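Work through the exercises below with the sequence and the model open. Try each task before you read its solution.

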Amino acid sequence: MGDLALGDLPAVAAGAPTPLINRDFPDPDVLRVGNSYYAYSTNSTYDTGLRNIPVARASRITGPWTVQPVDALPQPPSWTVFDQGSGTNLIWAPDVSRRQDGKFLMYFAANFHGQVQCIGAALADRPTGPFRNVGSAPLVCRQDEGDIDPSSLTVNGRHYLVYKDNSNAHGQPASIWLQPVAADGLTFRGDRVRLLTADPAGDENNVIEAPIIVPRAGKFVLLYSANPYTLNYHVKFATADRLTGPYQKSSTYVLDSTTWPGVITNPGGQDVVGGQIVFHANIPSGRAMFTAPLCWRGSTPVVVR
């Protein structure tokens with residue numbers, strides 16, 4: 001993750017973005033490796049068939065992006081089953097980071113034996129994979145709630161897994177959690193900590209998801225998407241003095257359908273990389289990947305329009 005220098009926003013507006021990947025590429029996660037950027041998405045169907053985790057590459061985050069002719073996760077985990085209703089393995093929202101040993105670690109959500117979504121992990125030697133599943137069971141799996149939307153975080157040399165529970169699927173407010181992990185990203189260090197809970201009504205309707213945390217101006221900024229992704233989806237943020245909270249929600253949106261009226265609809269599933277916010281938004285064929293410049297006023301993230 002990265003951001004622009006502190007100061008006033010640029011005087012020149014960026015204008016409405018156009019799709020960087022003009023096809024279904026939802027929940028994008030972007031990783032920089034050397035002089036290249038790699039983007040990963042929720043499962044999607046291509047001419048060659050279903051890809052559990054599509055991957056794209058670019059030399060600049062603003063593109064041009066090229067979807068690679070591979071599935072980054074060619075084999076689904078042993079604990080998932082193919083979902084006949086959707087025609088996919090329901091493998092969602094990957095997060096890829098590079099460990100200290102040079103290996104690439106992928107977190108993802110997948111269907112646990114057709115019951116709930118749970119979080120798994122996979123490792124690879126290259127950013128394009130193939131990623132191979134770790135273990136015969138999910139990393140996080142509370143079957144009373146379900147768990148999705150993982151993201152990795154390192155602060156002062158300490159490592160964390162951030163994710164949301166899927167309680168909204170059961171009519172309850174979803175929460176965002178912080179789980180300390182060892183440097184391998186797979187070994188838990190202590191108990192998880194609840195960071196934030198969705199409002200039952202209003203502009204969240206039990207749904208908060210896609211969490212990422214950015215240290216900024218002496219605070220921790222938690223960006224998250226809210227509301228069902230098909231209806232008035234938008235990006236919000238909350239701030240805290242400590243990583244473990246308490247977090248205070250802001251009434252200011254980072255992104256919503258009025259940011260570029262009539263151009264961008266239901267933006268969310270965001271990541272922050274190198275002074276850009278990366279997100280998906282609706283197009284006729286699904287949810288395309290977009291990016292826009294992101295600046296900061298103290299600990300307040302502001303998208304440059």
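The exercises go from the whole chain to single residues.

The model is predicted: local features need pLDDT of at least 70, side-chain atom pairs count only at pLDDT 80 or more, and totals for chains, interfaces and linings use all residues. Residues are numbered from 1 along each chain as its sequence is written, and side-chain values use heavy atoms, with hydrogens and water left out.

**Exercise 1. The overall build**

Task: Find how many helices and strands the protein has, then judge its compactness.

Solution.
- Step 1. Count the elements. Helices (H or I, at least four residues) and strands (E, at least two) are DSSP runs, numbered from the N terminus. The protein has zero helices and 22 strands.
- Step 2. Take the radius of gyration, computed over C-alpha atoms; the globule rule is 2.2 Å times the number of residues to the power 0.38. The radius is 18 Å, close to the 19 Å from the rule for 305 residues, so the protein is as compact as a globular protein of that length.
- Step 3. Box the chain. Along the principal axes, the C-alpha atoms fill roughly 50 × 40 × 40 Å.

**Exercise 2. Inside and outside**

Task: State what percentage of the 305 residues is buried, and describe the surface and the charges.

Solution.
- Step 1. Fix the terms. Buried means under 20% relative accessible area, exposed over 50%, and partly exposed in between (1.4 Å probe, protein chains only). Buried residues make up 56% of the 305.
- Step 2. Look at the surface. Areas come from the Shrake-Rupley method with a 1.4 Å probe; for residues, only the protein chains shown count as cover. The protein exposes about 12,800 Å², and carbon and sulfur atoms supply 48% of it.
- Step 3. Look at contacts (heavy atoms within 4.5 Å). Of the contacts with a separation of 6 or more, 46% join residues 24 or more positions apart.
- Step 4. Place the charges. Lys and Arg count as positive and Asp and Glu as negative; His and the chain ends are not counted. Each charge sits at NZ of Lys, CZ of Arg, CG of Asp or CD of Glu. The mean positions of the 24 positive and 25 negative charges are 6 Å apart.

**Exercise 3. The disulfide**

Task: Find which cysteines form a disulfide, and give its handedness.

Solution.
- Step 1. Apply the rule: a disulfide is a pair of cysteine sulfur atoms within 2.5 Å. The count is one disulfide.
- Step 2. Name the pair. C118 and C141 have their sulfur atoms 2.0 Å apart.
- Step 3. Place both ends. C118 is in strand β9 (residues 116-124), and C141 is in the loop between β10 (132-133) and β11 (147-155). The pair links distant parts of the chain, 23 residues apart.
- Step 4. Read the torsion. About the S-S bond it is about 45°, so the disulfide is right-handed.
- Step 5. Check burial. C118 is buried at 0% relative accessible area, whereas C141 is partly exposed at 27%.

**Exercise 4. Two aromatic residues**

Task: Locate F112 and Y253, and list what each one touches.

Solution.
- Step 1. F112 is in strand β8 (residues 104-112). At 14% relative accessibility, F112 is buried.
- Step 2. Leave out residues up to four places away in sequence. F112 then touches W79, C118, P138, C141 and Q143. Both cysteines of the disulfide are among them.
- Step 3. Y253 is in the loop between β18 (248-249) and β19 (268-273). Y253 is partly exposed at 31%.
- Step 4. Beyond its neighbours within four places, Y253 contacts D203, H234, V235 and K236.

**Exercise 5. Unusual backbone**

Task: Inspect the peptide bonds before P64 and P246, and the phi angles of D149 and A217.

Solution.
- Step 1. Recall the background. Most residues other than glycine have a negative phi, and most peptide bonds are trans.
- Step 2. Check the bonds. G63 and P64 are joined by a cis bond, omega about 5°. The bond from G245 to P246 is also cis, omega near 10°.
- Step 3. Place the prolines. P64 is in the loop between β5 (54-58) and β6 (66-71). P246 is in the loop between β17 (234-240) and β18.
- Step 4. Check phi. D149, not a glycine, has a positive phi of about 55°. D149 lies in strand β11 and is buried at 9%.
- Step 5. A217, also not a glycine, has a positive phi of about 50°. A217 is in the loop between β15 (208-216) and β16 (219-226) and is partly exposed at 48%.
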